[in-house]
Amino acid sequence: MDEPILLYGIGATKAGTSWLYRTLADRDDCALPAVKELHYWDTFHGPTKEKQITALEGQLLKARALMEEAEAAGRGWQVRNLTRRIRDLEGLIVMLGAPRKGHQAYLDYVTGRGAAALMADICPAYGLLGKGRLSEMLDLYPRSRVLYLVRDPLARLWSAVRMQAERQLMEGQTVPEKSNATLWRILNKDHETHITERGDYAGTIARMEAAIPPERGRVMVMEELMNDDGYGALCDWLELPRAPALIERRVHEGAPVTMREDLRPAALKMLAPQYEAVAAHLGRVPDAWAAQMEAL
């Protein structure tokens, strides 16, 4: 029997990585941690590592408090889920703080979940990694694969903007006005660069092409993945039996908000390189993307 595959899901943000994580985590032949984003490969420097560990310690405190509530209420299913999450959070904190030479603590954490056909580390932040780090990730494990999910660039940008607006909403503001104000600042003031960096398909694809052999790396379109044919193609590449795509599942779907029409042309112009990069790499784009490109 072949060794299991280790899948690195490297992004993009708001392009279906949470859906992918939930879909794979629910399979009996896959073994994923109860924490989606491990942030191992992007926290090698002291400040970023300590910041991530602090954030995880906060999550651990919340999980333990929820566990007490669930136990008191007799919610056995929730106790079981939280037991696993607490265990994985505790292990992740130890792993991130361990020596990284040789990456043994990381390998033990990712592979230590019993027999499975596939293991995964799905973290959109990895899409910003340089080609040297991507090569290092791939070389660590002989049966590793790298998947980069992309979504219509305008839809991805707007989804990320709306998510931030909802999270940072202040008293007296509405999500529509804050979302459109944020997009205006991105287009006119070069603000919120973390949002645009996470959607730099051109940069990530270029680094993938430089670091990853074609048979071990793949770019897939989110809109084409979430159906039986698209998910089936992914299963084939990952050497998993085909299964239904569970297209009715929605993960982290934001409230519907309309983008101001006066902002759309400038947004499309800014995103032109992203449409072009995916078209060049795949040799095609979905019809809906082509319509956006034609609008340019």
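**Exercise 1. Contacts of L268**

Task: In this predicted model, determine which residues L268 touches, leaving out residues up to four places away in sequence.

Solution.
Step 1. With that exclusion applied, the residues touched by L268 are L154, Y275, Q292, A295 and L296.
Step 2. L268 itself belongs to helix α12.
Step 3. The relative accessible area of L268 is 5%. The limit for a buried residue is under 20%, so L268 is classed as buried.
Step 4. A backbone distance can be added: the C-alpha atoms of L268 and P153 are 8.4 Å apart, although 115 residues separate the two along the chain.

**Exercise 2. The surroundings of Q292**

Task: Locate Q292 in the secondary structure, decide whether Q292 is buried or exposed, and list its contacts beyond four places in sequence.

Solution.
Step 1. Helix α13, spanning residues 287–295, contains Q292.
Step 2. Q292 has a relative accessible area of 18% and is therefore buried, the limit being under 20%.
Step 3. Beyond four places in sequence, Q292 contacts D152, L154, L268 and Y275. The contact with L268 also appears in the list for L268.

**Exercise 3. Cysteines without a disulfide**

Task: Explain why C30 and C235 do not form a bond.

Solution.
Step 1. The cysteine sulfur closest to that of C30 belongs to C235, at 8.0 Å.
Step 2. A disulfide requires two cysteine sulfur atoms within 2.5 Å; the separation of C30 and C235 is therefore too far for a bond.
Step 3. From the side of C235, the nearest cysteine sulfur is that of C30, and C235 takes part in no disulfide. The count of disulfides is zero.
Step 4. Both residues can be placed by accessibility: C30 is buried at 8% relative accessible area, and C235 is buried at 1%.

**Exercise 4. The largest nonpolar core**

Task: Identify which residues touch the most other members of the largest nonpolar core, and which helix contributes the largest share of this core.

Solution.
Step 1. The core holds 88 residues, and L24 and L118 touch the most other members.
Step 2. Helix α3 (residues 76–97) supplies the largest share, eight residues.
Step 3. Apart from neighbours within four places in sequence, L24 contacts L7, C30, L32, L118, I122, Y231 and L240.
Step 4. As background, nonpolar side chains tend to be buried together in soluble globular proteins.

**Exercise 5. Aromatic geometry around W41**

Task: Describe the geometry of the pair formed by Y8 and W41 and of the pair formed by Y40 and W41.

Solution.
Step 1. Such a pair is described by the distance of the ring centres and the angle of the planes. The whole structure contains nine aromatic pairs.
Step 2. For Y8 and W41, the centres are 6.4 Å apart and the planes form an angle of 90 degrees, giving an edge-to-face arrangement.
Step 3. Y8 lies in strand β1 (residues 5–9), whereas W41 lies in the loop between β2 (30–31) and α2 (46–73); the pair therefore ties together parts 33 residues apart in sequence.
Step 4. For Y40 and W41, the arrangement is again edge-to-face, with 5.0 Å between centres and 85 degrees between planes.
Step 5. Y8 is buried at 0% relative accessibility, W41 is buried at 1%, and Y40 is buried too.
Step 6. One aromatic cluster comprises Y8, Y40, W41, F44 and Y106. Of these, F44 has R100 over its face, 4.9 Å from the ring centre.
Step 7. Elsewhere, the charged end of R145 sits over the ring of W237, 5.7 Å from the centre.

**Exercise 6. Salt bridges**

Task: State which residue forms a salt bridge with E239 and where the two partners lie.

Solution.
Step 1. Side chains of opposite charge can pair when their charged atoms come close. The search of the whole structure returns 13 salt bridges.
Step 2. E239 pairs with R143, with 3.0 Å between the closest N and O atoms.
Step 3. E239 is in the loop between α11 (228–237) and α12 (264–282), and R143 is in the loop between α5 (131–140) and β4 (144–150); the partners are 96 residues apart.
Step 4. E239 is partly exposed, at 41% relative accessible area.
Step 5. Further salt bridges include E192 with R185, at 3.1 Å from N to O, and D236 with R242, at 2.6 Å between the closest N and O atoms. R185 is partly exposed at 25%, and D236 is partly exposed at 43%.
Step 6. R87, D88 and R113 are joined into one network by salt bridges that share partners.

How values were computed: Residues numbered from 1 in each chain as written. Predicted model: local features only at pLDDT ≥ 70, side-chain atom pairs only at ≥ 80, totals over all residues. Heavy atoms only, no water. Buried < 20%, exposed > 50% of the residue type's maximum accessible area, 1.4 Å probe, protein only. Core = buried A, V, L, I, M, F, W, Y, C linked by side-chain atoms within 4.5 Å. Helix = DSSP H or I, 4+ residues; strand = E, 2+ residues; numbered from the N terminus. Contact = heavy atoms within 4.5 Å. Phe/Tyr/Trp six-rings, centres within 6.5 Å; stacked < 30°, edge-to-face > 60°. Lys NZ or Arg CZ within 6 Å of the ring centre and 35° of its normal. Salt bridge = Lys/Arg side-chain N within 4 Å of Asp/Glu carboxyl O.
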